[in-house]
Amino acid sequence: MTTPLIECRHLDKWYSGVHALKDVSLTIRPGEVVGLVGDNGAGKSTLIKILSGVHEPDKGQILMGGAPVRLRNPKDAMRAGIETIYQYNSMVPTMSIARNLFIGREPLKASVFGFGLLDQERMRQESVQAIADVDLHLRSPDALVGELSGGQRQGVAIARAMHFKSKLLILDEPTNHLSVKETDKVIGFVKGLKDQGLTGIFISHNMQHVFQSCDRVVAMARGEIVFDHPVTETTLEDVHEHL
Amino acid sequence: MPTTSSQQTSDVAQASASPGRTRAPHATKRLLKIYLEKPELAGIVLLVVLIAIFEWRSDGVFLSTENFRGVLGILPEVALVATGVTLLMICGEFDLSVGSVFALMPMTAAIVMSNGLPFWPAVLLGLVVCAAIGLVNAVVTIRFGIPSFIATLGMLFMARSLTVVVSGGFPPLLPDEIPSWIFTQFIGPGQLFRMSFLWFIGIAAIVSALLSLTNFGNWVKATGGFLDAATSMGIPVVWVKTTCFVICSVLAGFAGLIQVLRLGSPLPSIGIGLELQAVAAAVIGGAALTGGIGTIFGAIVGALLIRVIDNGLVLSQVDANWFQFAIGALTILAVVANAWLRRMGRRIRVGV
Ligand SMILES: Nc1ncnc2c1ncn2[C@@H]1O[C@H](COP(=O)(O)OP(=O)(O)O)[C@@H](O)[C@H]1O
Ligand SMILES: [Mg+2]
């Protein structure tokens, strides 16, 4: 069997009194798309925040490619190839698409101690390319993200993750607040992940969407993983019984 | 807040994408697009109109060299404060203490000079005091999670009080040998500008370039535009905000120094109400109170508008007490117009 891309071992997380994660272990192999389901408050977002460097676990370990890693902040996680798309948008509405694509990772023409002149031409060109790569059609990289629809914004977020060659793409309820048509589009992106050689974690309330687009279903309840099976070996009813 | 509001607007955008929605005429769309990209444009148009009116009402005195020299002499002081305040507003914070820092910096410098410290070290010391005040503003705001509006309101009183206390009731005289000409000397065609104008243009250009041409500027806009997104993209938001607080304070102090050198003596009462003029200038120039939007150029246009109105009303022999009314009305108008235009702009989704 191949080395897991990422492995969580016995993670625990408290929020001042709330035990949000209880001894959670999860292994994800390269090329897999895992659907993570569970009721509100089950701890899905908490697990994701640990993987994306927003929180550190109180106990437990994370391994990538077999070696232990510490993800102290979002930068650490992004450097390790973990990219996260949240249910709210990780885009700044008042900035252009090109600028949004490179927030925190701007290409520079010249720099001292990490500060310097933006390479704006490269930002525009690469963002046009990145957006075309995910089959999104926007006329200009200079349009403000605030002018885009919710689905287009998630498309740009996905384009950003692809552009930075993330190894693990996490989508935390990316279809909340989207219309049916736009939801389908995002589900399409998720289905396309595997062809791009990406590994994914897809969180959704909609079990149908998970069964359509994922290889494996993992269910959480009250801070624990209560169910973990390949999609082909289980049914919707099966998952519901465990929640 | 930004989460839900942006989600709602995108819902609105979708809802209006259905057939039968009201379509804005093409020309309106074009205008909106221009406005969204250049929010200071409306200010420039207004400026031109007002200059024309005042020129006419004052029988040509308004644009005379002597009068314009007066306007341009004060402009750098107000506009430098507005530049700092705008930078801070773009990153999503607010500073009400700039008017007090404006007085405290030159007072500090004058006192250490009267105790024998040379000019430049005294200026440096004054600016360090400003930086420290900016740092305190940042720490109180960020560490304790207090709205910067309140944190810096406290600092407004404290810094003003400090200014009066250190002046000891008798403001020190500025030494004769200091090189004030570096800021006050008249230069240019018709001796139209003071040297301070060059300092101001240079500094404004640097801050403006910082905002639009560097990665730091990108972080400032992201931090103010949507804090959660900036944080999740790994931007050091605490550091970015702190830096903006410090720059804002230092610019306010520097502007105060320029005014004191122009007037020739450090009064503890200068700069009262200046914080509100600076905010008004930023807002009139298109900056949003919610952060993420605004330009330095806009703030300068706003500051110039305020100076022009002040001066123009006097020359048109209107009761000077109408000045505050005019600035107030203009500020409200600008905020309402900006908010309305932005809503419109989102709804019809121009040019995507
Ligand atoms: N920042 C936080 N502070 C305190 N409690 C939190 C915080 N985030 C989540 N929780 C709590 O942790 C539990 C798990 O939440 P979360 O991970 O968001 O669940 P899910 O994403 O599955 O809905 C819930 O009881 C929630 O109230
Ligand atoms: Mg959640």
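In this tour, a helix is a DSSP run of H or I at least four residues long, a strand is a run of E at least two residues long, and both are numbered from the N terminus. The model on display is predicted.

**Stop 1: chain B as a whole**

Begin by selecting chain B. Its secondary structure comprises 15 helices and two strands. Chain B has 352 residues, and 54% of them count as buried. Among the contacts in chain B with a separation of 6 or more, 76% involve residues 24 or more positions apart.

**Stop 2: α9 and Ile206(B)**

Next, select residues 195–213 of chain B, which form helix α9, and find Ile206(B) within that helix. Is Ile206(B) buried or exposed? Its relative accessible area is 59%, and since the cut-off for exposed residues is over 50%, Ile206(B) counts as exposed. Adding Ile51(B) to the selection gives a distance to draw: the C-alpha atoms of Ile206(B) and Ile51(B) are 28 Å apart, with their positions 155 residues apart in sequence.

**Stop 3: the pair α4 and α14**

Now display helix α4 (residues 65–90) and helix α14 (residues 296–315) of chain B, whose axes lie 8 Å apart and make an angle of about 140 degrees. The crossing of α4(B) and α14(B) is right-handed. On the α4(B) side, the residues to show as sticks are Asn67(B), Val71(B), Ile74(B), Leu75(B), Val78(B), Ala79(B), Ala82(B), Thr83(B), Thr86(B) and Leu87(B). On the α14(B) side, they are Ile296(B), Ala299(B), Ala303(B), Leu304(B), Arg307(B), Asn311(B) and Leu315(B). Coloured by character, the residues of this contact between α4(B) and α14(B) are 12 nonpolar, four polar and one charged.

**Stop 4: Ala281(B)**

Keep α4(B) and α14(B) visible and add helix α13 (residues 274–284) of chain B, where Ala281(B) is located. The relative accessible area of Ala281(B) is 0%, and because buried means under 20%, Ala281(B) is classed as buried. Which residues does Ala281(B) touch, apart from its neighbours within four places in sequence? They are Ala82(B), Gly298(B), Ala299(B), Gly302(B), Ala303(B) and Ile306(B). Of these, Ala82(B), Ala299(B) and Ala303(B) also take part in the contact of α4(B) with α14(B). For a view across the chain, measure to Ala229(B): the C-alpha atoms of Ala281(B) and Ala229(B) are 28 Å apart, and the two residues are separated by 52 positions in sequence.

**Stop 5: Ala339(B)**

Select residues 322–348 of chain B, which make up helix α15, and pick out Ala339(B). Ala339(B) is partly exposed, at 34% relative accessibility. Its C-alpha atom lies 8.4 Å from that of Ala288(B), although the two are 51 residues apart along the chain.

**Stop 6: the pair α6 and α7**

Move to helix α6 (residues 119–143) and helix α7 (residues 148–167) of chain B; their axes come within 9 Å and cross at roughly 145 degrees. This crossing of α6(B) and α7(B) is right-handed. In α6(B), select Ile133(B), Val136(B), Asn137(B), Val140(B) and Thr141(B); these meet Ser148(B), Ala151(B), Thr152(B), Met155(B) and Ala159(B) of α7(B). The contact of α6(B) with α7(B) contains six nonpolar residues, four polar and no charged.

**Stop 7: Thr184(B)**

Thr184(B) belongs to helix α8, residues 181–184 of chain B. With 15% relative accessibility, Thr184(B) counts as buried. Beyond its neighbours within four places in sequence, Thr184(B) is in contact with Arg194(B), Met195(B), Leu261(B) and Arg262(B).

**Stop 8: ligand 1 and chain A**

Centre the view on ligand 1. Around ligand 1 are Tyr15(A), Val18(A), Ala20(A), Asp39(A), Asn40(A), Gly41(A), Ala42(A), Gly43(A), Lys44(A), Ser45(A) and Thr46(A). Three backbone distances can be drawn here. A backbone N or O atom of Gly41(A) is 2.7 Å from an oxygen atom of ligand 1. For a polar backbone atom of Ala42(A), the distance to a ligand 1 oxygen is 3.2 Å, and for one of Gly43(A) it is 3.0 Å.

**Stop 9: two backbone angles in chain A**

Most residues other than glycine have a negative phi. Asp23(A), which is not a glycine, has a positive phi of about 50 degrees. Asp23(A) sits in strand β2 (residues 18–28) of chain A and, at 46% relative accessibility, is partly exposed. Finish at Lys165(A), where phi is also positive, near 50 degrees. Lys165(A) lies in the loop between α5 (150–163) and β9 (168–172) of chain A, and its relative accessibility of 67% makes it exposed.

Note on methods
Residues numbered from 1 in each chain as written. Chains lettered and ligands numbered in written order. Predicted model: local features only at pLDDT ≥ 70, side-chain atom pairs only at ≥ 80, totals over all residues. Heavy atoms only, no water. Axes fitted to C-alpha atoms, helices over the stretch in contact; angles between N-to-C directions. Left-handed = near helix turned anticlockwise from the far one by under 90°. Contact = heavy atoms within 4.5 Å. Nonpolar A, V, L, I, M, F, W, Y, C, P; charged D, E, K, R; others polar. Buried < 20%, exposed > 50% of the residue type's maximum accessible area, 1.4 Å probe, protein only. Near = heavy atom within 4 Å. Polar contact = N/O pair within 3.5 Å; in protein donor to acceptor, adjacent residues only side chain to side chain.
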